[in-house]
Amino acid sequence: MAILSPTLSSLLLNTNTNFGSQPSPLLTFSFTPTNRSSSLLIFSYTKSENGLASEEKKILLERYGYDVDADEYFSQPSPKSKRKKEHLKTRGGKKVQDPIEDPKPPRTTHKLLQVLGGTARRTKLLSPKGMDVRPMMEVVKGAAFDILQAAGGCPASLRPGRWLDLYSGTGSVGIEALSRGCSEVHFVEMDPWVVSDVLRPNLEETGFLDVSVIHTVRVEKFFERAEQFVGNSGPFDYISVTPPYTQVNYEVLMRQISESSLVGKDTFIVVEYPLKTDMLDSCGSLVKITDRRFGRTLLAIYGPTWAQKKRRSHIPIPQLQ
């Protein structure tokens, strides 16, 4: 059975885990033909009593970009809650177990975001309720794309190319890129629930699923095994970096990006970062085109030197009266 290239087909991940006592097959694969040029690869796994063996994990990660460890990370209780459940108190000389905590409410979504420009303009997008995912503010997203379009010499749209959306979450940034002219976007998001209940529905709603590739994996592992995930298709034309502020070392992250083969001499990199974070004036061979502040959010954009000159040439010159 031929394995389809991930860059030519859409990947649907089914991460339901079955802990029942009945034995069941560990891996199930099926191909569903469609009337389009690409096919849909449906993949599911059932976790055994002892979990996936290291060999199966390796196969999943290398062939499909699926990080089993990430799925297990989100499905297990936190160490703090685990300690509370196991802790025993002494009352009246007797050991009494703490009451079991109430289960967390199910994660839900709402539609607060929208596509700002291009072919999918004004399409509403799903996002998680609460602070599980922090999408880029629309004012920041709008400014970022205006700068990129001017720097690329096409103020009305993006220069065609491939986009890498790191910490993609809702997919709002990558979807905006597709709407404005990008030919393909790779989304990197480690949370399986966000992928299945937010990101993928947003791609279906906007009609961009066929030109998207989803990698359910940590960003660090994605860069470590970049060639396995994206093949030898060369560097990306655009890279967006919108991580959870408190969980990222920006110095380490930007060094990892600058040293990656996914970055070329003509790549644009969009970085959202918080206050009190020092960003360098360059990222490898790329120079900082702009660095702007929006309240407590800052936006840095790196690109080739020729783009810096083009952006300046598109700044309107006031007319003398």
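Lys 276 is exposed, with a relative accessible area of 89%, a value that lies over the 50% above which a residue is counted as exposed. In this predicted model, Lys 276 is found in the loop between β12 and β13, and its backbone carries a phi near 65 degrees, which is a positive value in a residue other than glycine. A comparable description can be given for Arg 122, which is placed in the loop between β6 and β7 and has a positive phi of about 75 degrees although it is not a glycine. With 59% relative accessibility, Arg 122 counts as exposed.

The loop that holds Arg 122 lies between two strands that pair with each other. Strand β6, residues 109-114, and β7 pair in the antiparallel sense over five bridges, and within this pairing Leu 113 has Leu 125 of β7 as its bridge partner. Strand β7 itself spans residues 124-128, and because four of its five residues are buried, β7 is largely enclosed by the rest of the structure.

From this pair the reader can turn to the protein as a whole. The protein contains ten helices and 15 strands, and buried residues make up 44% of its 321 residues. Of the contacts with a separation of 6 or more, 62% are accounted for by residues 24 or more positions apart. The protein exposes about 17,900 Å², and carbon and sulfur atoms supply 51% of that area.

Eight of the strands form an open sheet with mixed pairing, in the order β10-β9-β8-β11-β12-β15-β14-β13. Its edge strands are β10, residues 212-215, and β13, residues 282-283, each of which pairs on one side only. At the β10 end, strand β9, residues 184-188, runs parallel to β10 and is joined to β10 by four bridges, with Phe 187 standing opposite Ile 214 in β10.

Two helices lie across strands of this sheet. Helix α5, residues 172-179, lies across β8, β9, β10 and β11, and runs at about 180 degrees to β9. Helix α4, residues 138-151, lies across β8, β11, β12, β14 and β15, and runs at about 150 degrees to β14. The 14 residues of α4 reach 20 Å from the first C-alpha to the last, close to the 20 Å expected at 1.5 Å a residue. Just after α4, Gly 153 takes a positive phi of about 85 degrees.

How far is α4 enclosed by the rest of the structure? Eleven of its 14 residues are buried, so α4 is largely enclosed. The buried residues include Val 140, Phe 145, Ile 147 and Leu 148, but also Lys 141 and Gln 149.

The packing of nonpolar side chains brings these elements together. The largest nonpolar core has 35 residues, and those with the most contacts inside it are Leu 148, Leu 158, Trp 163, Leu 203 and Leu 299. At least two residues of this core are supplied by each of α4, α5, β9, α6, β12, β14 and β15, and the largest share, seven residues, comes from α4. A second, separate core has 30 residues, among them Phe 222, Ala 226, Leu 253 and Ala 300.

Two further residues, considered in turn, show positions that are separated along the chain and can be compared in space. Ile 257 is found in helix α9, residues 250-258, and at 0% relative accessibility this isoleucine counts as buried. Leaving aside its neighbours within four places in sequence, Ile 257 is in contact with Leu 166, Phe 223, Val 241, Val 263 and Ile 269. Ile 257 and Glu 220 are 37 residues apart in sequence, and their C-alpha atoms are 9.8 Å apart in space.

Met 190 is found in the loop between β9 and α6, the latter covering residues 192-206. Because its relative accessibility is 22%, Met 190 counts as partly exposed, the cut-off for a buried residue being under 20%. The C-alpha atoms of Met 190 and Val 219 are separated by 7.7 Å, although these residues are 29 residues apart along the chain.

Terms used. Residues numbered from 1 in each chain as written. Predicted model: local features only at pLDDT ≥ 70, side-chain atom pairs only at ≥ 80, totals over all residues. Heavy atoms only, no water. Pairing = 2+ DSSP bridges. Contact = heavy atoms within 4.5 Å. Axes fitted to C-alpha atoms, helices over the stretch in contact; angles between N-to-C directions. Buried < 20%, exposed > 50% of the residue type's maximum accessible area, 1.4 Å probe, protein only. Core = buried A, V, L, I, M, F, W, Y, C linked by side-chain atoms within 4.5 Å. Expected span 1.5 Å × (residues − 1). Areas by Shrake-Rupley, 256 points an atom, 1.4 Å probe, with all protein chains shown as cover.
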